[in-house]
Amino acid sequence: MKDLKISVSGVRGIVGESLTPEIALSFAKAFGTHLNHPGRIVVGSDTRASSPLLKHAVISGLIATGYEVIDLGICPTPTVGIMIKELEAEGGVVITASHNPSQWNGLKFMGNQGIFLNEKEGKAFLEIYKDKAFKDLDPKKLKDLKTRTNAIAIHIAKVLKQVNVPLIKKSKFKVAVDACNGAGSVALPKLLVKLGCEVIELYTNPLEPFPRVPEPTPAHLHVLADLVKKKHADIGFALDPDADRLAIISEEGIAISEELTLALATDFILSSYKNISPSKKIVVTNLSTSRVMDDVAKKNRGVLIRTKIGEVHVAEEIQHLKALIGGEGNGGVIFPRVCFNRDSLSAAALILNLLAKENLPISKIVAALPSYYIVKKKITCHTQEEAFEVLDRAEDFFSGEVLDLTEGIKVLLKNAWIHIRASNTEPIVRVIAEAKTKKEAEELADGFIESLKL
Ligand code: MG
């Protein structure tokens, strides 16, 4: 169906067009059938107007396949991951379309480790959905629907255990928050108050619609940036609607590239573990995240491991390698001592701990990191086959260079890189390039895109 984007970890669509309650019901039944282990499933949602509609369809599908359902209400995506472990559930469903506009919504599915379904699990689950091979409803074995209202409190308590609360409290930070009226609207201010911060709230009403473009990239955060400056705040935090990504505004009112959230959190964590062997100072990120991560790992004598794109690849590698931290360059920090999901609450607490420890303004801490420029472009193709042809052309175009073929083609140049890969959900090719300047990064990406026209 047009605009229904199905991937191994979930589905997204425009509500009432490509995504309907009937589709949500079928996906939930497929998930309940796939897990095939009696128990409970946790459900949480973001603040979209369509979330209750889809949530009730999902709950119905899960109960129909024999599960007890625990409804967490509105909560960040990582809170669902935490509650799966907390309640020893078999899995979880998050009703959200993350950073997509409000007319979109979606479902994301996690297994019993609180991690999104991986490729193998997702494929098996999608087979069930496509074949409509759902478990039969047994009216004698119907389980309950229960609610839990303390999920956010549990999440916050887990984060607080992992940072130096007295030190952060002593700094009495003034923090401005733009939660896009999303799932972090209540959770992030609550966490900040527990860290002794004065909180200036902007867009933290979960009953109101999204007030800005939901993706927390610098171009969309000017209202928060102005507020930070006007109120003389120490820092500004911006979230996407499901509160797994965190973007930062400096005390000067400048939106810091979202690539730096993970770099700052990583620098703090690696520098805090001075006495462990360098081989255990492991950090995991994906192929398209800034090379500032290589610099931060090197500076702290740590090891940086890169994975394919997709949160689940990073999360599974963190778990497998017992990494200290990891995540993605889009502001998604995964701090495994709290959970195996991108978590804006962990990220915010780690950044404040860094500020308190360094006792410097955030702009000064950022200025000490090497600076790079990333450009992200896409090539729209007619078919998936055409997208793969573009990758073949890339291999020819860059033959002779050092190539990393983990996913698509990543070309490693002396002072720059370019990563060209086909999307899993639509016929497009993503082209991401990073260099020391914007001009060099643009030239690198455009040079390849132009070559396709020859
Ligand atoms: Mg998100």
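**Exercise 1. Pairing around strand E14**

Task: In this predicted model, find which residue of E14 stands opposite Thr285, then work out how E14 is placed in its sheet.

Solution.
Step 1. Thr285 has Gly327 of E14 as its opposite residue. Val284 stands opposite Gly326, also in E14.
Step 2. These pairs fit the pairing of strand E12 (residues 282–286) with strand E14 (residues 325–328), which is parallel and has three bridges.
Step 3. E14 also pairs with E15, here in the antiparallel sense, again over three bridges. In that pairing Gly327 stands opposite Val333 of E15.
Step 4. The hairpin of E14 and E15 has three residues between the strands, and Gly331 takes a positive phi near 90 degrees there.
Step 5. The sheet is open and has four strands in the order E13-E12-E14-E15, with mixed pairing. Its edge strands are E13 (303–307) and E15 (332–334), each of which pairs on one side only. On average, neighbouring strands in this sheet are turned by 20 degrees against each other, direction ignored.

**Exercise 2. The two faces of E14**

Task: State which residues of E14 point one way and which point the other way, and whether they are buried or exposed.

Solution.
Step 1. In a regular strand, side chains alternate between the two faces of the sheet.
Step 2. In E14, Ile325 and Gly327 point one way, while Gly326 and Glu328 point the other way.
Step 3. All of these residues are buried.
Step 4. A helix also belongs in this picture: H11 (residues 311–321) lies across E12, E13, E14 and E15, and runs at about 165 degrees to E12.

**Exercise 3. A sheet of five strands**

Task: Give the strand order of the sheet that holds E20, and describe the partners of E20 on each side.

Solution.
Step 1. Five strands form an open sheet with antiparallel pairing, in the order E16-E20-E19-E18-E17.
Step 2. E16 and strand E17 (402–404) are at the edges; each has a single partner strand, so one side of each has no neighbour in the sheet. The average turn between neighbouring strands is 15 degrees, direction ignored.
Step 3. On one side, E20 is joined to strand E16 (residues 373–380) by eight bridges, and the two run antiparallel. Ile374 stands opposite Glu434 of E20, and Lys376 has Ile432 as its bridge partner.
Step 4. On the other side, E20 pairs with strand E19 (residues 417–422) in the antiparallel sense over six bridges. Trp417 stands opposite Glu434. Glu434 thus appears in both pairings, opposite Ile374 and opposite Trp417.
Step 5. A hairpin of five residues joins E19 to E20.
Step 6. Strand E20 (residues 428–435) is mostly covered, with seven of its eight residues buried.
Step 7. Helix H14 (residues 384–397) lies across E16, E17, strand E18 (409–412), E19 and E20, and runs at about 150 degrees to E19.

**Exercise 4. Two helices that cross**

Task: Describe how H3 and H5 are oriented to each other, and what kinds of residues make their contact.

Solution.
Step 1. The axes of helix H3 (residues 77–86) and helix H5 (residues 151–160) come within 9 Å and cross at roughly 90 degrees.
Step 2. H3 is therefore roughly perpendicular to H5.
Step 3. From H3, the residues Pro78, Thr79, Ile82, Met83 and Glu86 take part; they meet Ala151, Ile152, Ile154, His155 and Lys158 of H5.
Step 4. Sorted by kind, the residues of this contact are six nonpolar, two polar and two charged.

**Exercise 5. Cysteines and one exposed lysine**

Task: Say how many disulfides the structure has, then classify Cys180, Cys339 and Lys299 as buried or exposed.

Solution.
Step 1. A search of the whole structure finds zero disulfides.
Step 2. For Cys180, the nearest cysteine sulfur is that of Cys75, 17 Å away. For Cys339, the nearest is also that of Cys75, at 11 Å. A disulfide needs the two sulfur atoms within 2.5 Å, and neither cysteine is in one.
Step 3. Buried means under 20% relative accessible area, and exposed means over 50%. Cys180 has 0% relative accessibility, so Cys180 is buried. Cys339 has 5%, so Cys339 is buried.
Step 4. Lys299, with a relative accessible area of 57%, is exposed. Lys299 is found in helix H10 (residues 292–299).
Step 5. Lys299 and Ser271 are 28 residues apart along the chain, and their C-alpha atoms are separated by 9.1 Å.

Definitions and conventions: Residues are numbered from 1 along each chain as its sequence is written. This is a predicted model: local features need pLDDT of at least 70, side-chain atom pairs count only at pLDDT 80 or more; totals for chains, interfaces and linings use all residues. Side-chain values use heavy atoms; hydrogens and water are left out. Buried means under 20% relative accessible area, exposed over 50%, partly exposed in between (1.4 Å probe, protein chains only). Two strands pair if DSSP finds at least two bridges between them. Axes are lines fitted to C-alpha atoms, for helices over the stretch in contact, and angles run from 0 to 180 degrees between N-to-C directions. Angles under 35 degrees count as roughly parallel, over 145 as roughly antiparallel, 65 to 115 as roughly perpendicular and the rest as oblique. Contact means heavy atoms within 4.5 Å. Ala, Val, Leu, Ile, Met, Phe, Trp, Tyr, Cys and Pro count as nonpolar, Asp, Glu, Lys and Arg as charged, and the others, Gly among them, as polar.
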